[in-house]
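Colleague: Could you take one strand of this predicted model and go through its surroundings slowly, for a student in the first year? Please connect the pieces into one account.

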Amino acid sequence: MIEQSVLEEVLGVAMRTGGEFAEVFAEDRRNASAVLDDGRVEELTSGRDRGAGIRVVVGETTGFAHTADLSEAGLIAAAQAAAAAARGGGGGTNVVALHRGTASRGYDIETFPGDVPKARKVELLTRADEAARSVGDAISQVSVSYGDNRRRILVANSDGVFVEDDTVRTFFAVSCVATGDTGMQTGRESVGHTIGFELFDMYDIDQLARNAAERAITKLAARPAPSGQMPVVIGSGGGGVLFHEACGHGLEADLVSKGASVFRGRVGQQVASKGVTVVDDGTMAREWGNIAIDDEGNPAQRNVLIEDGILTDYMWDHLRARKEGRRSSGNGRRQSYQNLPMVRMTNTYLLAGEEDPESIIASTPKGVYVKHLGGGQVNTATGDFVFGMTEAYLIEDGKVTEPLREGNLIGNGPEVLQRIDALGNDFAMGPPGTCGKDGQGVPVGDGVPTLRVSSLTIGGTAA
Amino acid sequence: MTFDPPDQESADLLELAQSVASNVRSGEQLEAFVARSSYTTVRAHGGEVESFTSAVSAGIGVRVVSDHRQGFAWAGTLEPDAIADALADARDNATFAEPDEWVGLAEPDGVAPVPFDAFDPSVATMEASRKIDLALELERMVRAGDPRITGVRVATFSDSSSRFAVATSTGIAGAGRGAWCSMSALALAEDGDETYTGGGSTVGFRPDDLDLAEAADDAVLRATRLFGAKPVPSQRVTIILEPRMAATIAGLLGSTLTGERVLKGRSPFGDRVGETIASPMLTLVDDPTDHRSYAADMFDGEGLACRRNQLVVDGVLQGFLYDSASGRRAGQPSTGSAVRGVSSTPSVGCQALAVAPGAGSFESLLADIDTGVYLQSMTGLHSGVNLVSGDISVGIEGLMVRNGQLAEPVREVTIASTLQRMLLDIVAIGDDIEWLPGGTGCPTIVIADLSLGGS
């Protein structure tokens, strides 16, 4: 994307006014999407974004500037702006010598979506639309979306790091509306992986569409969810967002170091039930949160956050790790070249236990079975978090019975982790997610086995 | 209709948009939407500048309609080769869409834009050192606000000066500019083993509009009044929503009243025009020509004049918002409600919602509540709100209201209802309309009979 000699020159300029660390992050991203709605292929969109963000660190201060101009002159202007913003005092020339590294994710992209004729992408949309509508007359609306992106990044910094990566992600989603005497209900299914068009060899699109339609129809008969505390069983693969919110964000070192996490100072302590092991793993092949390198040029890692209930470590980016005199854990990510990196999750999951998932439900006299969770949100300072249930049922006498309307559940991270009293042997990753933090969105994955929390508060309307 | 861009930079953007649109081929409609903005963000933490970002970004979106098929492409730069690529991609993309008799660009409709220009050049020319001083000052003020404040997660100063232009082969030409600055702080307060956060913010069309003391006081108050909060038992409650919370509910309602949702059968109010959908106290307009709104504008995303649109009057649903395509399909004129950025085609959206003020101050509304909850924050709006079914369930923090007074703090509870019920359950609207950073104007609203899920 940019020649090594140019990068060395630009980093030299960035460091000239007393910078302690400087970095060039360049990105060239192409997006393509296609949307079918209301029975018609509405629109294909393609977009391209290309540019570089340059940061210069002096003491506690980071100066940052970005530009869409990748010429030497454009990069030098951005480097000067970043250096001025960091307000370094000292002078002197700093010579930067880069050492080219490699980024490997251990598998290849089979079919680059950019090489696939648009007609084939469009065909997937109409197929899914037909499959969803075939489920029943109650299906009153269907929207199908296809998306792919290819993101080439380059990271070069004053520590000599010079590495490039090329990432491809492909995504497909079906959303249905069912209409009945009780009003309208919705059902959605989505799949996404850090792979190319081979996504469609992995999944049966017709089945995916039928599942979304069936979920919407099932919910027409749903009764209001209860309100108040009761045991909650979370389905395999459907509920990783629980851990993303209950402890993931609270284990991000930037929040911890600012005193904004309820998990501050708790490394080495028992923070979860025995048997609970939570991992954040950027190396997980083909998963939505997979990265070969993070957006600071560090190789992706598998980081154990909680092991058998004991808090083992936080997640780190370059700045926080540098301050603590340790290595980054490969969790420095950013939405685009226009943003500064910060500590972010990748694929966050809970390891499987040994119980039979059927017996977990059978041993729950009364509660709620949440097959699929929606998004969530956490206040890391108090640990209180919410997450939505998009498909849920009552559990009565150890059996899954009636469907429930949508709603949020609320709990407190440290308390909920201690209340996990059953772990199934049926681990699965869930659908692709986008994690938002300080206005930046990045792709993340999550996964769980079937599990039970002995008490959570359900935000329904029924007494 | 003639239109004079407000300054040379806007004129240059309009000229660029027009030159792209002039590439139109026979049997085709062509639109270019061009935007450029410069911004600064200063983040202060621990008495130091944590980061200082300054940048300019620009981009273009190109829309082609040919044989009733629409295609779109965009680029995050205004380089000529990227614009040429976007035009070619948009044309190619159009060939894969299925024909729709209603698609098409906006055409001049004779509605004159209401002149508006809140652009203050002092935003763009402000010294970097003053921005830094302001961010550091806000952090100091928050820290000094209460002995229990142990830190500020971040205090920020942000400014943005932006311009856009849209031109089409159908004769549309519009351009606009805006400048804003804003500051916010997230305070951390500790007492014993409890930690709470509280946010405060201030926004203005010019630096002198910023009220640091108000932002700091708000952050401190919100961070310090929840100590000892715990869940209360599940019950039916009345909630009192201060303007910023009430604006969120108004925004949810507004989202269900867009023509696109209605036409595609995704609005719970789609067949209710002329009917009472809310308490007679509720009147809701979307009016970007109201210059008190921070989202006030002359043109919408398709280059049509913005206008005042009545959505709900005295509880009765008046109609929906349309852009030109959805309006054509509904047999209605566009309401000037196309919203967009460079990387997407226009969609129908609310721009400057306002709930008409009622009678009574926040205090007098509070005094009328026997038992209820005052909401300080809501979480999980994206996961707990379904705008098709109308189901609403969110996590909240706040203070109980007992005998007309704010009482003990509460957290880790949910409130739930449906949007349809909440509108009918409005029991009071205050006179304290506040214009919020997002552009919505809203007073305090009191809603009865929600389910609180707690211990």
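Modeller: Strand S2 of chain A, residues 40–58, is joined to S3(A) by 7 bridges, and the two strands run antiparallel. One place to follow this pairing is A:Ile54, whose bridge partner in S3(A) is A:Ala65. S2(A) and S3(A) form a hairpin with 2 residues between them, and in the turn A:Gly59 has a positive phi of about 60 degrees.

S3(A), which covers residues 61–67, is also joined to S2(B), here by 3 bridges, and these two strands run parallel. Within S2(B), B:Phe52 is the bridge partner of A:Gly63, while B:Thr53 is the bridge partner of A:Phe64. Because 7 of the 7 residues of S3(A) are buried, the strand is largely enclosed by the rest of the structure. Both of its faces are covered, with A:Thr61, A:Gly63, A:Ala65 and A:Thr67 buried on one side, and A:Thr62, A:Phe64 and A:His66 buried on the other.

The partner strand in chain B also belongs to a wider picture, since the contact between the chains takes 66 residues from chain A and 62 residues from chain B. On the side of chain B that touches chain A, strand S2, residues 48–66, gives the most, with 9 residues. That side of chain B divides into 18 nonpolar, 33 polar and 11 charged residues.

Returning to A:Ile54, this residue is among those in contact with A:Val24, as are A:Leu7, A:Ala52 and A:Leu75, once the neighbours of A:Val24 within four places in sequence are left aside.

Note on methods:
Residues are numbered from 1 along each chain as its sequence is written. Chains are lettered from A and ligands numbered from 1 in the order in which they are written. This is a predicted model: local features need pLDDT of at least 70, side-chain atom pairs count only at pLDDT 80 or more; totals for chains, interfaces and linings use all residues. Two residues are in contact if their C-beta atoms, placed from the backbone, lie within 7 Å. Helices (H or I, at least four residues) and strands (E, at least two) are DSSP runs, numbered from the N terminus. Ala, Val, Leu, Ile, Met, Phe, Trp, Tyr, Cys and Pro count as nonpolar, Asp, Glu, Lys and Arg as charged, and the others, Gly among them, as polar. Two strands pair if DSSP finds at least two bridges between them. A residue is buried if 20 or more other C-beta atoms lie within 10 Å of its own, exposed if 12 or fewer, and partly exposed in between; C-beta atoms are placed from the backbone.
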